[in-house]
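Trainee: Could we go through how the helices and strands of this structure are arranged? I should like to start with the terms.

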Amino acid sequence: MATAFPATISPNPTLSSPLNQHHHHHHNTLPISSPTRIHNHKTPQFPSTLITKALATSQSSKDDYHATLKALNSKNRFPRKSLGQHYMLNVEVYKQLVDVAGVREGDVVLEIGPGTGCLTNVLIEAGATVLAIEKDPHMVSLVKERFSSTERLKVLEEDFTKCCVRSHLNSLLESKNMSGVQSRCKVVANIPFNISQDVVRQLLPMGDIFSEVVLFLQDETALRLAEPSLRSPEYRLINIFVNYYADAEYKFHVPRRHFFPQPKVDAAAISFKLKQPADYPVVSSIKSFFLMINTAFNGKRKMLRKTLGYLCASAKIEAALLSLGLPVTSRPEELTLDDFVKLHNSIAKL
């Protein structure tokens, strides 16, 4: 299941999802309640009798249980491997997710992959107007039917990784005469884990229109993004990217046993408080800054005076490192975001 980090990251780089299935920690966990939806890894087709058996033993309320089964059966749908679909046996987790995002009356929220609309319903009940983007046409139809009586939802049948989020959001705001609330737009979503790298890459540099992004990611990925450790194998170029555009915080852990079909990994909620462009670390060029980061981490085990030789002579790189109080033998995993910013700007002046 683990995907490797890409060789390079541009100002909108790609996130990986390395996993350790046996990692344990003591964040909040959630009790089983009612069936809602999650996405993750390989998903074979399951007969409805197995779905019924699994959900019947989840201690979920009958209303939620029957509503979910009825919704799936109405479209003759089962979890689809190609879309990374999974279902969660706990509706309360969505309420906690919405609480984490601080969704309130008047907010505009982007949801990616609404599925049967369980999270969508919690968002609308919290007072939000929701822009939902769903790739599966059957789920699009289902959600539109379920919420046909509300004007607080717009559903688009598109692949999120290929759509123009900014354009769709502006269109929604204009149609609702809500153009003045752009600063309050948020993203709250239970995304397929197999597109998490694309979603993070697209959303984090959009601090001009989103204030916060709250997502479910694979548990180990969420930990590595929110709690990276310098000088460790887990400290990678994606950590520099995340810290440049946002402040990440691990929120809560959801064990895999709460999902059906049960995935091979646990999930976790992570919050990204997006920085406004004016608050990004000051560099002479964001493009050249990330090019330097890419180059540095591509030669992760090598010293920066060697990997950054394309910029200038190694002696000048050593001088720049020394001027920042860093050893001339520094390697990329030993530098913080602030270190890299200062190094980039120092070299740019040479």
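Mentor: Axes are lines fitted to C-alpha atoms, for helices over the stretch in contact, and angles run from 0 to 180 degrees between N-to-C directions. Helices (H or I, at least four residues) and strands (E, at least two) are DSSP runs, numbered from the N terminus. This is a predicted model, in which local features need pLDDT of at least 70, side-chain atom pairs count only at pLDDT 80 or more, and totals for chains, interfaces and linings use all residues. Residues are numbered from 1 along each chain as its sequence is written, and side-chain values use heavy atoms, with hydrogens and water left out.

Trainee: At what angle do α3 and helix α4 pack?

Mentor: The angle between α3 and α4 (residues 118-125) is about 45 degrees, and their axes lie 9 Å apart. The two are therefore oblique to each other; angles under 35 degrees count as roughly parallel, over 145 as roughly antiparallel, 65 to 115 as roughly perpendicular and the rest as oblique.

Trainee: Which residues make the contact?

Mentor: Helix α3 contributes Y94, K95, L97 and V98, while α4 contributes C118, L119, V122 and L123. Contact means heavy atoms within 4.5 Å.

Trainee: Now the sheet. What is the order of its strands?

Mentor: Seven strands form an open sheet in the order β5-β4-β3-β6-β7-β10-β8, with mixed pairing. Two strands pair if DSSP finds at least two bridges between them. The edge strands, each pairing on one side only, are β5 (153-157) and β8 (246-254). From one strand to the next, the twist averages 25 degrees.

Trainee: In which sense do β7 and β10 pair?

Mentor: Strands β7 (residues 212-218) and β10 (residues 267-274) pair in the antiparallel sense, over seven bridges. Within this pair, L215 stands opposite I270 in β10.

Trainee: And which strands do helix α3 and helix α5 touch?

Mentor: Helix α3 (residues 92-101) packs on the sheet and touches β6 (186-189), β7, β8 and β10. Its direction makes about 140 degrees with that of β7. Helix α5 (residues 137-146) also packs on the sheet, touching β4 (129-134) and β5, and its direction makes about 165 degrees with that of β5.

Trainee: One last pair: how do α9 and α10 pack?

Mentor: Helix α9 (residues 237-245) packs with α10 (residues 286-298) at an angle of about 155 degrees, the axes being 9 Å apart. That angle makes α9 roughly antiparallel to α10. The contact involves L237, I240, F241, Y244 and Y245 of α9, together with I286, F289, F290, I293, N294 and F297 of α10.
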